[in-house]
Amino acid sequence: MNNTLLSITIALLFGIGTFMILRKDIIKIVLGMTILSHSANLLIFSSGITGGKTVPIITEEIAQHTTGIIFTDDLVNGILAPIVPEGTEMLFVDPMVQALTLTAIVISLATTSFLLILSYRVYKEHNTTDVSKVRRLRG
Amino acid sequence: MDMYHNIPILLVAVPIFFAAITVFLRSRFKLQKALNTTVFAGLFIMSLALLLHVWENGIVVYEVGEWGKYGIILVADLLGSGMVVLSSFISMMAMIYGQDYMDKETALDTTFFPLFNIMVAGLNGIFLTGDLFNLFVFFEVLVMASCGLIVLTGRGDHTPMLYKIEAIFKYLVLNMFSIIVMLTAIASLYATVGTLNMADISVKLAQLSAAGTMPWHVYMIALMFIVVFGYKAAMFPLHFWLADVHPSAPAPIHAMLSGMVIKVGIYGILRIHYLIFPDVLFLTRPIILILSLVTIGVGAASAIGQYDLKRMLAYSSVSQIGYVLLGVGMGSVYTTTAALMYLVNHAMAKSMLFLATGETLYHAGTKDIRKMGGFIRTSPFLATIFLMGSMSIAGLPPMGGFIAKFVVFDSGLEAGFYAPVAIALLFAIFTLFYLFRTWMTIFWGELKEPENESDFIARSPTPQIKVALALLAVAVIFFGVYPEPLFALASEITAQLFDPQPYIDAVLGGQVR
Amino acid sequence: MTTLIAKTVTKACVPIAILFSISLLLAGHNNPGGGFIGGVMFASAISLVYVVFGLDYIMSICNCKWEKFFALGLIISASTGFGAILFGHNFLRSTFMELHIPLIGEIELVSAGIFDIGVYFVVFGSILYIFKSTGDDE
């Protein structure tokens, strides 16, 4: 939150990715897809940096001396687990977003490698990387 | 009790486990055949038991790893478990059919069995999960597995590898884009309410809505989900990929893709928009209604001009999915019931038709309709099955499709949507025309190339394929002559959709954490 | 063509990298690390060998079928989940036990660790299978 630079970065990456997937070159499309998926990952990541202090590993020492909020819903004060209003002190960052981002990265790794192999095959079969020439399926 | 408690996770984990086992058994074809048939029959029986259990005792909630509402949960309500029964039935038939249909060296001995198992795990996971991010993961599992399956070849599959690669490239790029849209929507929703559990999101958005502080971007998120699921279901502006991708797949996979995988989009719309965004329905229903009418029209008009049999049927799928969306878009209780009935009947009839098409193309040795003719003399069995499928899709009694179409039109008239029903009825006549023209060209008339008659007879279905087709045909007729259980189930599902409180209570259990 | 320097450095580095990947795998429950990161590290070590010594050289030593490791990992991970069901808990429920071994001291055995080992196999199996099949395709 309140991280203007991060928001601008995400917006720029979305723009670059969208521009790239509208090109005619297959490799540029694959690169654009990668950039788009990484900007989506950054978007997930940005929802988690809500002013926490440390990594969310709760040792006994920390558990005994809690001062801030760990992760609880407090609907009366308008707190919905990791999303807290301004001025509330959090002890940890939200651990969920890292798990989500890691999963999304793994999935985009798999799809990207698949896409790269496919584009290599398309190049081998058609001898071109121009998408507008790869249209045997019209009809 | 304890036995039923574990069924939701077994439906997801068992196919994944056996996908790994089948990698080790690659060269043992007989064993693979027996093992996979057993596993898929077991999955079907388990899903049926789950549906009966849910019908009698209410929603089953399974907490994976016992983490409560913060972990991954699987929820088997009537909609989810009903869809699982449908998908297990169709996948069992496709598996029995595929064992004889697919090439032995290039498909059955390599990746067919593992990928098919993973695909079924992805489908079951989508229908059973109660967690939004998990839904995304299972979408991706389903897509990657189906991409791998499209490449494989079968005996009636006359698509060159060149075309398949191109089709998969299209499918994967578009799918990755829709997945990114979905990920963005999920991230925005998580940043708004701070949870991924669908029931929990529903509760919190209802609280925000009641307090009058609903942020405006929730509407945008709901529309983004329409784009994602509309892409999956091949709704009008996003339908163009289907006619390229589905015909490139071999017949069993084509049946799965057209029978079940595009229904995932409908399931997503029903689940997400009725559970999470009931306040946005006033905006999404008219969009779905208008786009569904365009989908029906575009699909039917494109199908008429096709001479490639598989491509024509793929456009027919686009048109038929429009009828399901029409029922969803009209939005009353009765129309949604009708949409669910249409969904079930279309899934059965379409997968039967595609399985029969695969055999017909093998029988004919070509995929051009104009080069076929008179096959009723060489293969009366295929002619019967194909006729039954066409009758069901076109909506003639006594097939299941008649009841489904009748219910959709009746409910539309009752809800006062006269113009949409009139348009849909017009294109239903189109459907009748193009399906029966195709059937008559292929099976009636003079036998083309009669001197090769023994060739045609040699290329006829094996007993195993006949069993799969006949079982599907029995199901199609059964739902045509005795639709009451389906109707009762669909009404109950719709009642649960329109009142999600039991779902929320079952998931959150009244606990305040 | 790879130089002598690259070959020598690879010979020195690869065992260390593999050991480090295993240590990351075992550290994964309570400290940073885990099956995924360990598997990626192992895969990068092996792929360094592939890059420096060439595919044919490796194939002449052993023709590894990496997809089998993928399947093995999937079986291990899934069995961990089914094991929890056998003990009457929910799928993938984690548990731990503490062992006292003389001279080493207390060690904690976590059932999530077995799941992590499965993930390790899946990750390096899939990554190396992708590398090998793309390199093979000529």
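**Figure 1. Confidence along chain A of this predicted model.** Welcome to the first view, where helix 3 (residues 60-64) of chain A has the lowest confidence in the chain, with a mean pLDDT of 62, while helix 1 (residues 4-21) of chain A has the highest, at 91. For chain A as a whole, the mean pLDDT is 77. Of the residues in chain A, 64% reach a pLDDT of 70 or more.

**Figure 2. The helices of chain A.** Follow the chain along its sequence and you will meet the pattern α-α-α-α. That gives chain A four helices and zero strands. Chain A has 139 residues, and 25% of them are buried. Take a look at how contacts span the sequence, too: counting those in chain A between residues at least 6 apart, 62% join residues at least 24 apart.

**Figure 3. Where chain A meets chain B.** Here the contact draws on 31 residues of chain A and 30 residues of chain B. On the side of chain A that touches chain B, helix 2 (26-46) and helix 4 (96-126) of chain A each supply at least two residues. Helix 4 of chain A gives the largest share of that side, with 13 residues. As for character, the residues on the side of chain A that touches chain B comprise 21 nonpolar, six polar and four charged.

**Figure 4. Strands 1 and 2 of chain B.** Now we move over to chain B, where strand 1 (residues 60-63) and strand 2 (residues 73-76) pair in the antiparallel sense over four bridges. To find your place in the pairing, start at B:Val60, whose bridge partner in strand 2 of chain B is B:Ala76. Side chains alternate along strand 1 of chain B: B:Val60 and B:Tyr62 point one way, and B:Val61 and B:Glu63 point the other way. Each of these four residues is buried, B:Glu63 included.

**Figure 5. The largest nonpolar core, seen around B:Met119.** This core holds 263 residues. The members that touch the most other members are B:Met119, B:Leu142, B:Ile168, B:Ile186, B:Met341, B:Met352 and B:Val476. Helix 8 (residues 161-193) of chain B contributes the largest share of the core, 19 residues. For a closer look, pick out B:Met119: leaving aside residues up to four places away in sequence, B:Met119 touches B:Leu142, B:Ala145, B:Ser146, B:Leu149 and B:Met256. One of these neighbours, B:Leu142, also appears among the members of the core that touch the most others.

Notes:
Residues are numbered from 1 along each chain as its sequence is written. Chains are lettered from A and ligands numbered from 1 in the order in which they are written. This is a predicted model: local features need pLDDT of at least 70, side-chain atom pairs count only at pLDDT 80 or more; totals for chains, interfaces and linings use all residues. A residue is buried if 20 or more other C-beta atoms lie within 10 Å of its own, exposed if 12 or fewer, and partly exposed in between; C-beta atoms are placed from the backbone. Two strands pair if DSSP finds at least two bridges between them. Two residues are in contact if their C-beta atoms, placed from the backbone, lie within 7 Å. Ala, Val, Leu, Ile, Met, Phe, Trp, Tyr, Cys and Pro count as nonpolar, Asp, Glu, Lys and Arg as charged, and the others, Gly among them, as polar. pLDDT is the predictor's confidence in each residue, from 0 to 100. A nonpolar core is a set of buried Ala, Val, Leu, Ile, Met, Phe, Trp, Tyr and Cys residues joined through C-beta atoms within 7 Å.
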